[in-house]
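Here is a friendly walk through one protein chain, from its core to its charged pairs. Keep the structure open beside the text as you read.

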Amino acid sequence: MDAARTRRLAERIAKISAEMLERRIKDPRLGFVTVTEARLTNDLREATVYYTVYGSPEEKEDSEAALKSATGIIRSEIGRIMGLRHTPSLTFVADMVPETARHIEDLVAKAKQRDDELAKSREGAEWAGDPDPYRKPAEDDWGDDDEDDF
């Protein structure tokens, strides 16, 4: 299948899924869910819809259960709207991008803190050894007035 067509269909699946979750699915377990991306296999048989949930771990688990129970309704609506010969099977997967981004931000903050501590410890420090560690050429002794040295 053409990669551009597959990408367009995946974007359309993500949009339809998000609209369904916002307007048609009335499950009380469904929390604040955001569809971030959909990926479609090249044969258009399987679609993976990535989502994030804002809330506590319990709300995330409840939203996951609500999505699993609503998968059939969402799939049938995707098939009706898109008019494909075969409607792809849907799998909802929690997107780990926000947690990964938060972890990276924590690591960057920790590195910045260590850099600041190192900069403070360097204040007033001096180099060990000579200020100019490079060897200089020997002084030229040819300049004396005594010419009968040869």
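One term helps from the start: a residue is called buried when its relative accessible area is under 20%, exposed when it is over 50%, and partly exposed in between. The model you see is a predicted one. By that scale Glu-99, with a relative accessible area of 30%, counts as partly exposed because its value falls in the middle range.

**The core**

The largest nonpolar core holds 27 residues, and Ile-13, Leu-21, Ile-74 and Leu-90 touch the most other members. At least two residues each come from α1 (3-24), β1 (32-40), β2 (46-54), α2 (57-82) and β3 (89-94). The biggest contribution is that of α1, with seven residues.

Take Ile-13 as a place to look. Setting aside neighbours within four places in sequence, Ile-13 is in contact with Ala-38, Leu-40, Ala-47, Val-49, Ile-78, Met-82, Pro-88 and Leu-90.

Pro-88 sits in the loop between α2 and β3. Its relative accessibility is 1%, so Pro-88 counts as buried. Besides Ile-13, Pro-88 touches Leu-40, Leu-44, Arg-45, Glu-46, Ala-47 and Arg-75, not counting residues up to four places away in sequence. Between the C-alpha atoms of Pro-88 and Ile-78, which are 10 residues apart along the chain, the separation is 8.7 Å.

**Helix α2**

Helix α2 has a kink of about 50°, centred on Ala-70. Ala-70 is also one of the buried residues of α2, which include Ser-63, Ala-66, Leu-67, Thr-71 and Ile-74. What do the buried residues of α2 pack against? Their partners are α1, β1, β2 and β3. After α2 comes Gly-83, with a positive phi near 65°.

**A buried aspartate**

Asp-95 lies in the loop between β3 and α3 (97-122). Which side chain of opposite charge is nearest to Asp-95? It is Arg-39, 7.2 Å away, and Asp-95 is buried yet has no salt bridge. A salt bridge would need a side-chain nitrogen of Lys or Arg within 4 Å of a carboxyl oxygen.

Asp-95 does have other polar partners to inspect. Its side chain makes a polar contact with the side chain of Thr-36 at 2.7 Å, and the side chain of Asp-95 also reaches the backbone nitrogen of Val-97 at 3.4 Å. Leaving out neighbours within four places in sequence, Asp-95 is in contact with Thr-36, Tyr-50, Tyr-51 and Thr-52.

**Salt bridges**

Side chains of opposite charge can pair when their charged atoms come close. Over the whole structure, seven salt bridges are found, and the table shows some of them.

| Pair | Closest N to O distance |
|---|---|
| Asp-27 and Arg-29 | 2.8 Å |
| Lys-60 and Glu-99 | 3.5 Å |
| Lys-112 and Asp-116 | 3.5 Å |

Lys-60 belongs to helix α2 and Glu-99 to helix α3, so this pair ties together parts that are 39 residues apart in sequence. Lys-60 is partly exposed, with a relative accessible area of 32%. Lys-112 and Asp-116, by contrast, both lie in helix α3, four residues apart, about one turn of the helix. Of these two, Lys-112 is exposed at 52% relative accessible area, while Asp-116 is partly exposed at 38%. In the remaining pair of the table, Arg-29 is partly exposed, with a relative accessible area of 37%.

Finally, Arg-24, Glu-77 and Arg-80 are linked in a network of salt bridges. Within that network, Glu-77 is among the buried residues of α2.

Key:
Residues are numbered from 1 along each chain as its sequence is written. This is a predicted model: local features need pLDDT of at least 70, side-chain atom pairs count only at pLDDT 80 or more; totals for chains, interfaces and linings use all residues. Side-chain values use heavy atoms; hydrogens and water are left out. A nonpolar core is a set of buried Ala, Val, Leu, Ile, Met, Phe, Trp, Tyr and Cys residues joined through side-chain atoms within 4.5 Å. Buried means under 20% relative accessible area, exposed over 50%, partly exposed in between (1.4 Å probe, protein chains only). Contact means heavy atoms within 4.5 Å. The bend at a residue is the angle between axes fitted to the seven residues ending there and the seven starting there. Lys and Arg count as positive and Asp and Glu as negative; His and the chain ends are not counted. A polar contact is a pair of N or O atoms within 3.5 Å; within protein, one must be able to donate a hydrogen and the other to accept it, and residues adjacent in sequence count only if both atoms are side-chain atoms.
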